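The exercises below are meant to be worked through with the sequence and the 3D view side by side. Try each task before reading its solution.

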Amino acid sequence: MDKTVGIIGLGIMGGAIARNLVERGWHVIGFDVDAVRRSELAGTNVEIAAGIAQVASHSPIIMTSLPGPAAVDQVAQRIADSDVSPRIVVELSTLSISDKLRFKSILENAGHIALDCPLSGTGAQAKLRDLIVYASGDSGAIAKCRNLFADFAKKSADLGKYGNGSRMKFIANHLVAIHNVATAEAMVLAQRAGLDAKMVVELVGPGAGGSRMFQMRAPMMVEGLYEPPTMKISTWKKDMAIIAEFADEVGCTTPLFTLTQPVYAEAMKMGLGDQDTAAVFEVLKRTLITDPKSIESDRD
């Protein structure tokens, strides 16, 4: 089996995946527009390409992990214009269904196979290969990627028609948004009750009230340290807007999810956009203690 793969986008997620694949014996050809990221990965045996066309010309499978639809469109077009034989192009980012379909159209018109394969997990989880790949699209292409997925994720699943991967990711992120804010609220309550915060993390996390978000983010809240971020609040706000749009499209009200949105918005106002989403604890610590109605009034 040819263990060569291209990765375009070497940020928090793409960079962690590249490192893990190199450790598992893959020849990774990577590219990022950010020179700092290119430099960081160059020291880990990732071959840094001169551009997207070079990645496409040497990689039978290409994965993209990008910040938004504009970047995704541009990369898809560059691959389409690269005049190479058919490639499997695996899109890992969280985007709207319409953005994913546009990506697919650009690549299919050039003879390539596009897969919609968003990931469940944070940057910290990516470092530990603790990810789930929500794969959707051409089943034959997904089967060809199974060994690749197994070397950077703990699980992958073929979810059927293209776009179902993103639909599954929206459901997962809907819960993440709620669990993260619920964790912050619980930790503020524990603080007000005079409990030892570290004991709360140790005993609540593995119990009936725990969640993966509690286990990951409550310790950050105890320490008050939100950098380096595993998911920036500014990026998370983009993902939440996509989920809200999706819920509207399928005609489903999401009262709990909707209640969390002002908390993340307030975090942005407080200048916490570049910090981890665990920083919503600082929002609730301030507002629930000084003015419990302030977030609700912002929503109104």
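## Exercise 1: a pocket and its lining

α1 (12-23), α2 (35-42) and α6 (123-127) each supply at least two residues of the lining of the second largest pocket. The model is a predicted one.

Task: Work out how much space lies in the second largest pocket, which residues are closest to its centre, and how its lining divides by class.

Solution. Begin with the volume: the second largest pocket holds about 380 Å³ of space. Of the 20 residues that line this pocket, those closest to its centre are I12, K127, P228, P229 and T230. Sorting the lining by class then gives 10 nonpolar, four polar and six charged residues.

One of the residues close to the centre, P228, deserves a second look, since the peptide bond that leads from E227 to P228 is cis, with omega near -5 degrees. P228 itself belongs to the loop between α11 (212-223) and α12.

## Exercise 2: the six-stranded sheet

Task: Give the order of the six strands in the open sheet, and then follow strand β4 to its partners on either hand.

Solution. The strands of this open sheet come in the order β3-β2-β1-β4-β5-β6, and their pairing is parallel. At the edges stand β3 and β6 (113-116), each of which pairs on one side only.

Now take β4 (residues 61-64) and look first towards β1 (residues 4-8), which runs parallel to β4 and is joined to it by four bridges. Within this pairing I7 stands opposite M63. Turning next to β5 (residues 88-91), one again finds parallel pairing with β4 over four bridges, and here M63 stands opposite V90.

One step further along, β5 and β6 run parallel and are joined by four bridges, with I88 placed opposite I113.

As a last step, ask whether the faces of β4 are buried or exposed. Both are covered, because I61 and M63 on one side, and I62 and T64 on the other, are all buried, where buried means under 20% relative accessible area.

## Exercise 3: the three-stranded sheet

Task: Find which strands of the sheet made of β7, β8 and β9 stand at the edges, and describe how β7 pairs with β8.

Solution. The order in this open sheet is β7-β8-β9, and the pairing is mixed. β7 (119-120) and β9 (155-158) each have a single partner strand and stand at the edges, so one side of each is left without a neighbour in the sheet. Between β7 and β8 (residues 132-135) the pairing is antiparallel and extends over two bridges, and S120 has I132 in β8 as its bridge partner.

## Exercise 4: two residues with positive phi

Task: N45 and R129 each have a positive phi although neither is a glycine; decide for each whether it is buried or exposed.

Solution. N45, whose phi is about 70 degrees, is found in the loop between α2 and β3 (47-48). Its relative accessible area is 64%, and because exposed means over 50%, N45 counts as exposed.

R129, with a phi of about 60 degrees, is found in the loop between α6 and β8. Its relative accessible area is 18%, which falls under the 20% limit, so R129 counts as buried.

For a further case, consider L41 in helix α2, which at 0% relative accessibility counts as buried. L41 and G11 are 30 residues apart in sequence, while their C-alpha atoms are 9.9 Å apart in space.

## Exercise 5: aromatic rings

Task: State how many aromatic pairs there are, and explain why the pair of F170 and F246 is tilted.

Solution. The count comes to three aromatic pairs. In the pair of F170 and F246 the ring centres are 4.9 Å apart and the planes stand at 55 degrees, so the pair is tilted: planes under 30 degrees apart would count as stacked and those over 60 as edge-to-face. This pair links distant parts of the chain, as F170 lies in helix α9 (residues 164-192) and F246 in helix α12 (residues 233-249), 76 residues apart. Both F170 and F246 are buried.

A ring can also have a charge over its face: K104 lies over the face of Y162, at 5.6 Å from the ring centre.

Notes: Residues numbered from 1 in each chain as written. Predicted model: local features only at pLDDT ≥ 70, side-chain atom pairs only at ≥ 80, totals over all residues. Heavy atoms only, no water. 1 Å grid on protein atoms, 1.4 Å probe; cavity = no way out; pocket = protein on both sides within 12 Å on 5 of 7 lines; lining within 4 Å. Points joined across faces, edges and corners; volume = space filled by probe spheres on them. Nonpolar A, V, L, I, M, F, W, Y, C, P; charged D, E, K, R; others polar. Phe/Tyr/Trp six-rings, centres within 6.5 Å; stacked < 30°, edge-to-face > 60°. Buried < 20%, exposed > 50% of the residue type's maximum accessible area, 1.4 Å probe, protein only. Lys NZ or Arg CZ within 6 Å of the ring centre and 35° of its normal. Pairing = 2+ DSSP bridges.
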